[in-house]
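Visitor: Could you take me on a close look at a single part of this protein, going slowly through how its helices sit against each other? I would be glad of one connected account.

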Amino acid sequence: MIWMWLTFSLLLLMAAWLLMIPLRRAALVEKRQRVLEEGDDAAAQNVAVYRRREASLEAALERGDIDQERFDEDLKELQRALLDDTVHLRRSPLKSSTAGRVVVPLVIVLVVAASLGWYSHEGAEGDLALHQAIKSVREDPQRTPQQLMTTLEQQARQQPDNPNVWRTLYPLYRDGGQLDKAEQALDRLIVLEGRKAWWLAEKAQITYFANQRQLTPEVQALVDETLAMDPNEPTLMGLLGVDAFEEQQYQQAIDYWRRALAADIPPVIANAMQEGIRVATQRLDSANGTAAVSGNRVTVRLSLAEGLADRLPQDASIFVVARDSAGQLPPLAIQQLRPDQLPATVVLSEANAMSPAATLKDAAEVRLVARVSASGQAQAQPGDLMGERKGVAVSASDQDPVALIIDQVVE
């Protein structure tokens with residue numbers, strides 16, 4: 001910060017030095033002008049010309065070339081011309097070289113005051129302080145994400161009307177899962193910068209995920225307002241695509257994501273949307289019965305143990321799920337059957353993913369789980385029937401079915 005003010009002061013000193021040039025040169029300019037005026041003989045030359053022309057007129061009158069009336073008219077014209085030339089040669093007296101000495105310092109003071117006033121209103125002193133605060137944290141070898149967030153929160157208290165502070169804080173809150181604070185940062189940005197389409201779309205997205213992926217009336221109002229401003233706002237298109245995918249409206253999800261991809265969005269988000277389009281397309285084709293199974297898949301031969309046949313409700317739902325072996329991801333693939341379809345051969349493929357972020361695409365082996373749910377709920381309940389098989393290889397080519405037997409009762 002000190003270097004900025006030193007530079008600012010140096011520039012003002014240079015401006016003052018330039019403004020002082022007329023004062024420093026005033027005495028020399030006055031002396032030269034006085035010498036020039038004293039040596040100016042233009043008036044004498046004009047009088048000499050007048051005398052010659054007057055003598056010429058008198059000689060012409062004596063010779064009879066002109067009469068007295070013509071002589072009088074030409075002489076008056078000659079006198080009038082001499083008078084005009086004499087008037088034009090008159091000069092106002094030279095002012096002293098000390099005249100105006102007060103004006104120049106006054107102008108310098110006004111220039112300095114105007115510069116400081118302009119900078120206080122239009123300058124970026126707050127942004128410079130923000131930059132230096134962030135730089136000091138990043139240069140700390142023992143820095144932590146929380147340290148950066150604390151520093152930025154301090155800046156927010158010191159300059160609450162600087163939108164760049166909130167613009168920097170918002171993604172930290174969002175990516176850190178602090179959705180309440182992220183929403184507060186967005187509210188502050190909307191107050192400072194107005195109800196811009198991109199901020200409204202970000203708030204709609206934050207509120208949507210904070211409400212367990214539900215299009216609440218508040219979210220819907222933000223969606224409608226954003227669409228009225230920008231029908232193709234990419235953040236909003238991504239949100240609507242996710243919601244459509246959750247509702248199994250795959251064609252609508254594809255359309256939303258394609259509209260988002262037409263804009264300039266970060267590569268990571270673009271890749272996720274392209275993967276979502278691929279999965280949605282596979283699911284759409286599978287639902288229409290037009291898709292050939294492609295990509296990584298597992299073929300399962302599902303059956304029910306003989307001793308459990310009398311415990312199988314005919315209105316139950318059967319879920320066949322492929323999970324990652326470590327159990328750290330959502331289900332990679334899932335299909336639902338009816339009891340009257342057993343025994344059945346089921347193909348779990350990339351098209352059966354629950355989320356574009358978790359599929360069989362990168363899996364080498366999976367854990368297969370089959371569960372009979374009397375309640376129809378995805379979560380296991382006591383009394384449900386199930387079967388499990390671990391270490392099942394995933395392949396991109398056709399393979400022999402893997403036997404999976406429902407032979408357990410959930411306690």
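Guide: Let's start at Q220, which is partly exposed because its relative accessible area is 32%, a value between the 20% and 50% cut-offs. Do keep in mind as we go that this is a predicted model. Q220 belongs to helix α10. Along the chain Q220 and Y208 are 12 residues apart, and their C-alpha atoms are separated by 9.2 Å. Y208 will come back shortly, as one of the α9 residues that meet α11.

First, the helix that holds Q220. Helix α10 covers residues 217–229 and packs with helix α11, residues 234–246. Their angle is about 135°, and the axes are 10 Å apart. That angle makes α10 oblique to α11, because only angles over 145 degrees would count as roughly antiparallel. The crossing of these two helices, α10 and α11, is left-handed. On the α10 side, the residues involved are V223, T226 and L227; on the α11 side, they are L236, M237, L239 and L240. By character, the residues of this contact divide into 6 nonpolar and 1 polar, with no charged ones.

Now turn to the other partner, and to Y208. Helix α9 (residues 197–210) also packs with α11, at an angle of about 30° and with the axes 8 Å apart. Here the result is that α9 is roughly parallel to α11, since the angle is under 35 degrees. The crossing of α9 with α11 is left-handed. From α9 come A201, E202, A204, Q205 and Y208, and they meet T235, L236, L239, V242, D243 and E246 of α11. This contact divides into 6 nonpolar, 2 polar and 3 charged residues. L236 and L239 deserve a second glance: they are among the α11 residues that meet α10, and they are also among those that meet α9.

The loops beside these helices are worth a stop too. Between α9 and α10 you will find Q212 in the loop. Its phi is near 55°, a positive value in a residue other than glycine. Q212 is exposed, with a relative accessible area of 64%. Past α11, in the loop that leads to α12 (250–261), sits Q248. Phi of Q248 is near 65°, again positive in a residue other than glycine. Q248 counts as exposed because its relative accessibility is 58%.

Stepping back along the chain, have a look at A156 in helix α6. At 7% relative accessibility, A156 counts as buried. Neighbours within four places in sequence aside, A156 is in contact with V165, W166 and L169. L169 is 13 residues from A156 in sequence, and the two C-alpha atoms are 8.7 Å apart. In the loop between α6 (145–158) and α7 (163–175) lies N162, which counts as buried at 9% relative accessibility. A polar atom of the N162 side chain lies 3.0 Å from the backbone nitrogen of N164.

As for the whole in which this part sits, the protein chain has 13 helices and 8 strands. It has 411 residues, of which 34% count as buried.

Terms used. Residues are numbered from 1 along each chain as its sequence is written. This is a predicted model: local features need pLDDT of at least 70, side-chain atom pairs count only at pLDDT 80 or more; totals for chains, interfaces and linings use all residues. Side-chain values use heavy atoms; hydrogens and water are left out. Axes are lines fitted to C-alpha atoms, for helices over the stretch in contact, and angles run from 0 to 180 degrees between N-to-C directions. Helices (H or I, at least four residues) and strands (E, at least two) are DSSP runs, numbered from the N terminus. Angles under 35 degrees count as roughly parallel, over 145 as roughly antiparallel, 65 to 115 as roughly perpendicular and the rest as oblique. A crossing is left-handed if the near helix is turned anticlockwise from the far one by less than a right angle, and right-handed if clockwise. Contact means heavy atoms within 4.5 Å. Ala, Val, Leu, Ile, Met, Phe, Trp, Tyr, Cys and Pro count as nonpolar, Asp, Glu, Lys and Arg as charged, and the others, Gly among them, as polar. Buried means under 20% relative accessible area, exposed over 50%, partly exposed in between (1.4 Å probe, protein chains only). A polar contact is a pair of N or O atoms within 3.5 Å; within protein, one must be able to donate a hydrogen and the other to accept it, and residues adjacent in sequence count only if both atoms are side-chain atoms.
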